[in-house]
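Me: Hi! Could you walk me through this one while I have it open?

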2 protein chains.
Amino acid sequence: MATLKDVARLAGVSVKTVSNVVNGYSFVKPDNRRRVEEALEATGYRPNLGARNLRRGRTGFIALVLPELSIPYFAELAGLVIAAAQEHEWNVLIEQTFGTLAGERSALASLGPHLVDAAILSPEALQVDDFQLSVPTVLLGEHAVDVPISRVGIDNVAAAQTAVRHLVSLGRTRIAAIGAHPHRGTAALRLEGYRAALAEASLPFSPELVVPALNYHRADGAAAMKSLLDMKTPPDAVFCFNDLLAIGAMRTAAERSVRVPEDLAVVGFDNNEESAYSAPSLTSVAPDKAAIARAAVDLLHRRVDAPDGALENVETPFSLLVRESTVVR
Amino acid sequence: MATLKDVARLAGVSVKTVSNVVNGYSFVKPDNRRRVEEALEATGYRPNLGARNLRRGRTGFIALVLPELSIPYFAELAGLVIAAAQEHEWNVLIEQTFGTLAGERSALASLGPHLVDAAILSPEALQVDDFQLSVPTVLLGEHAVDVPISRVGIDNVAAAQTAVRHLVSLGRTRIAAIGAHPHRGTAALRLEGYRAALAEASLPFSPELVVPALNYHRADGAAAMKSLLDMKTPPDAVFCFNDLLAIGAMRTAAERSVRVPEDLAVVGFDNNEESAYSAPSLTSVAPDKAAIARAAVDLLHRRVDAPDGALENVETPFSLLVRESTVVR
DNA sequence: CATCGTTGTTCCAACGATGTAAAGACCGAG
DNA sequence: CTCGGTCTTTACATCGTTGGAACAACGATG
């Protein structure tokens with residue numbers, strides 16, 4: 001691999017002059033510039049990023065800490081973050097926590113100014129004390145606990161309310177919710193939106209219709225739905241806190257020969273790509289994932305330049321995509 | 001951020017002694033070792049990986065070049081590669097090519113010994129000339145063209161043959177294939193396995209039952225299925241070259257009121273997590289993705305130590321998971 | 001008591017890049 | 001023909017780390 005030294009020798013100038021050409025410094029004699037450029041071409045020089053960053057005090061990387069890439073929402077988001085980061089000449093380092101406290105702590109511990117310039121976190125279990133951050137950071141989703149960190153996400157209360165309002169507008173009166181979670185801020189907000197929509201329609205809030213889910217995988221949705229269908233008066237609609245839960249719930253409904261949407265309307269959250277193709281296709285709250293990714297990366301980019309900027313709370317748009325799981329074609 | 005120098009000053013020893021402690025060098029006086037360890041603890045020292053790697057001539061990163069993270073197969077695989085890489089103290093840098101030649105070329109160009117120690121490629125469009133690699137590399141899947149690079153993957157012919165044999169064993173006689181592709185090596189092999197299974201069963205090979213797909217997304221499967229169902233004698237089974245195509249195909253079948261599996265048996269390939277929850281659930285060829293990820297990373301790890309080792313061709317196991325899309329419960 | 005091998009520590013150079021300061025080239029003005 | 005100023009290039013130090021050589025301390029050996 002060619003270094004600046006090699007190029008300099010070939011062009012017959014000093015190392016620094018080559019560096020100046022590479023970095024677009026203005027005052028280089030046209031003649032030298034030409035010779036250097038030829039030498040660069042001839043050697044196929046590529047800067048050693050490690051060395052450059054060591055000198056510059058930057059790493060050129062940002063961390064993206066998320067539960068798991070096999071969860072479609074995070075996979076799609078990761079793809080968008082990578083694309084957005086590229087525009088700022090950042091490479092993205094993905095760390096998986098598997099939603100565990102230990103995983104999140106170890107991811108956080110491995111972060112540091114020498115490894116990444118900034119970090120995007122999507123935490124599920126972190127405690128207040130864990131947030132000893134050494135690089136500019138932005139949270140995706142909601143603060144699980146009250147910490148002064150910038151955040152990007154949608155208005156979860158409004159989004160959930162929109163979803164449940166839709167179920168109400170279909171004439172459903174016994175609307176369940178799947179995905180309650182003791183420590184997840186997002187879950188609390190979606191539950192709040194759910195309750196608000198019920199109240200708005202003067203429907204009673206029945207705690208037994210709110211089913212917790214410790215993970216948000218398909219299997220959890222399937223299990224939760226089983227318990228709902230075992231009730232003596234099962235619900236006629238269910239609002240799931242993500243699409244995977246909804247897919248699992250629909251699976252259980254199919255196994256019990258409960259018709260969706262006739263007997264049971266189902267709404268999900270996240271709008272995974274697969275949800276447009278499920279049978280029936282899934283009505284879902286669709287956050288603008290590209291906007292989230294771009295907002296998060298842009299915010300960090302500003303913050304790296306001005307580390308002491310004010311906290312930001314960016315709200316990105318969402319929409320409700322109505323599909324077959326709530327409305328008969 | 002604390003450096004070795006800070007720790008050394010605090011412990012009252014030289015920088016190198018601290019370095020020795022950090023790197024587990026044996027001959028350090030117990031007393032000094034203790035003092036250094038206390039100082040490490042007190043300062044919260046973390047090695048600057050950039051500097052270390054600059055000195056060691058390693059970068060600590062491997063590249064994973066794949067089409068798109070929003071494709072579940074690649075997302076799942078990426079998660080497993082990250083986990084496997086962690087065991088070798090490697091971080092993974094993901095590059096998305098979106099399946100285009102330009103995307104793959106630019107990913108390849110950005111790679112180099114200064115950025116990554118090795119690379120895992122999952123190419124779709126690369127030409128022979130493009131393979132001017134500067135770091136140890138392994139291909140996932142198949143060689144699109146004939147290049148001398150190590151490779152990890154399953155036996156695609158045998159896997160496809162197993163899938164189609166299963167359809168034959170169900171008494172299906174008019175078996176279609178979705179996913180033919182002019183330049184994709186994997187597609188050619190799966191087609192070969194398809195033809196072998198037909199031949200084995202003395203079934204005729206009908207070119208009109210082989211539908212090409214330029215991309216392997218759900219929409220392509222849906223479109224391909226439409227063309228098959230428009231035939232005057234539609235197929236009674238279809239082998240899709242990946243699960244997304246199969247999901248799309250099943251979607252079209254549902255829209256046309258074609259019953260799966262009664263009227264049409266469907267088999268996919270990849271065993272995405274979503275395929276166990278689709279309605280009906282999808283019979284699929286299941287490669288051992290964890291084995292693929294581990295084999296690829298291990299191979300690279302060997303190759304980094306011994307760059308001139310022989311080419312390797314690692315075949316990982318697969319199985320056929322029979323679900324509702326081919327067999328009535 | 002000189003010598004030796006082992007153990008423990010320090011000093012120096014180097015990885016490849018860039019910021020700084022200073023030196024050299026060049027120009028026109030006085 | 002010198003001076004002052006602007007352009008252009010260079011030597012050097014530096015980022016944080018580690019390999020190697022040099023050196024110091026030690027008990028053991030003859």
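Reply: Happy to; we can go through the domains, the chain contact, the DNA strands and a few backbone oddities, keeping in mind that this is a predicted model.

Me: Great. Which domains does the assignment give for chain A?

Reply: The assignment splits chain A into domain 1 (4-47), domain 2 (59-154 + 289-318) and domain 3 (156-286).

Me: How many residues of domain 2 and domain 3 of chain A are in the contact?

Reply: Domain 2 of chain A puts in 13 residues and domain 3 of chain A puts in 20 residues. Their C-alpha centres lie 28 Å apart. The buried area between these two domains is about 1300 Å², with 56% of it from carbon and sulfur atoms.

Me: And what salt bridge count do you get between those two domains?

Reply: One salt bridge is counted between domain 2 of chain A and domain 3 of chain A. Glu124(A) and Arg184(A) form a salt bridge, with 3.3 Å between the closest N and O atoms. Six residue pairs are in polar contact across that interface. On the domain 2 side, helix H5 (residues 72-86) of chain A gives the largest share, three residues. That side has six nonpolar, one polar and six charged residues.

Me: OK, switching to the two chains. How many residues does the contact take from chain B and from chain A?

Reply: The contact takes 43 residues from chain B and 44 residues from chain A. About 3800 Å² is buried between them, and carbon and sulfur atoms give 60% of that. On the chain B side, His114(B), Arg251(B) and Tyr277(B) supply 20% of the area buried against chain A, more than any other three residues.

Me: What about salt bridges between chain B and chain A, how many there?

Reply: Four salt bridges are found across the interface of chain B and chain A. The side chains of Glu324(B) and Arg251(A) meet in a salt bridge at 2.3 Å, N to O. There are also eleven residue pairs in polar contact between the chains.

Me: Which elements of chain B give two or more residues to the side that touches chain A?

Reply: Those elements are H4, helix H5 (72-86), strand E2 (91-96), helix H6 (101-110), helix H9 (218-229) and helix H10 (243-255) of chain B. By class, that side of chain B has 22 nonpolar, eleven polar and ten charged residues.

Me: Now the DNA. Which residues are closest to strand C?

Reply: DNA strand C is surrounded by 25 residues, and the closest are Leu4(A), Tyr45(A), Arg55(A), Thr17(B) and Asn32(B). Of the strand C atoms that come within 4 Å of the protein, 67% belong to sugar and phosphate.

Me: Any specific atoms I should look at there?

Reply: A backbone N or O atom of Leu4(A) is 2.6 Å from a phosphate oxygen of DNA strand C, and a polar backbone atom of Lys29(B) is 3.0 Å from a phosphate oxygen of that strand. For a base, look at Ala51(A), where a backbone N or O atom lies 3.3 Å from a base nitrogen of DNA strand C. H4(A) gives the largest share of the surface near this strand, five residues.

Me: And which ones are closest to strand D?

Reply: Around DNA strand D there are 24 residues, the closest being Thr17(A), Asn32(A), Leu4(B), Tyr45(B) and Arg55(B). Sugar and phosphate make up 69% of the strand D atoms that come within 4 Å of the protein. An N or O atom in the side chain of Tyr45(B) is 2.4 Å from a phosphate oxygen of DNA strand D, and one in the side chain of Arg55(B) is 2.4 Å from a base oxygen of DNA strand D. Ser14(A) uses a backbone N or O atom, 2.8 Å from a phosphate oxygen of DNA strand D.

Me: Which element gives the largest share of the surface near strand D?

Reply: That is H4(B), with four residues. By class, the surface near DNA strand D has nine nonpolar, seven polar and eight charged residues.

Me: Last topic, backbone oddities. Where is the cis bond with omega about 10°?

Reply: It joins Val260(B) and Pro261(B), and Pro261(B) is in the loop between H10 and strand E9 (265-269) of chain B. The peptide bond from Ala279(B) to Pro280(B) is cis too, with omega near -5°. Pro280(B) sits in the loop between E9 and strand E10 (283-287) of chain B.

Me: What is phi of Asp270(A)?

Reply: It is near 125°, a positive value in a residue other than glycine. Asp270(A) is in the loop between strand E9 (265-269) and strand E10 (283-287) of chain A. Most residues other than glycine have a negative phi, and most peptide bonds are trans.

Technical notes. Residues numbered from 1 in each chain as written. Chains lettered and ligands numbered in written order. Predicted model: local features only at pLDDT ≥ 70, side-chain atom pairs only at ≥ 80, totals over all residues. Heavy atoms only, no water. Domains from an automatic or database assignment. Contact = heavy atoms within 4.5 Å. Buried area = accessible area lost by both parts, 1.4 Å probe. Polar contact = N/O pair within 3.5 Å; in protein donor to acceptor, adjacent residues only side chain to side chain. Nonpolar A, V, L, I, M, F, W, Y, C, P; charged D, E, K, R; others polar. Near = heavy atom within 4 Å.
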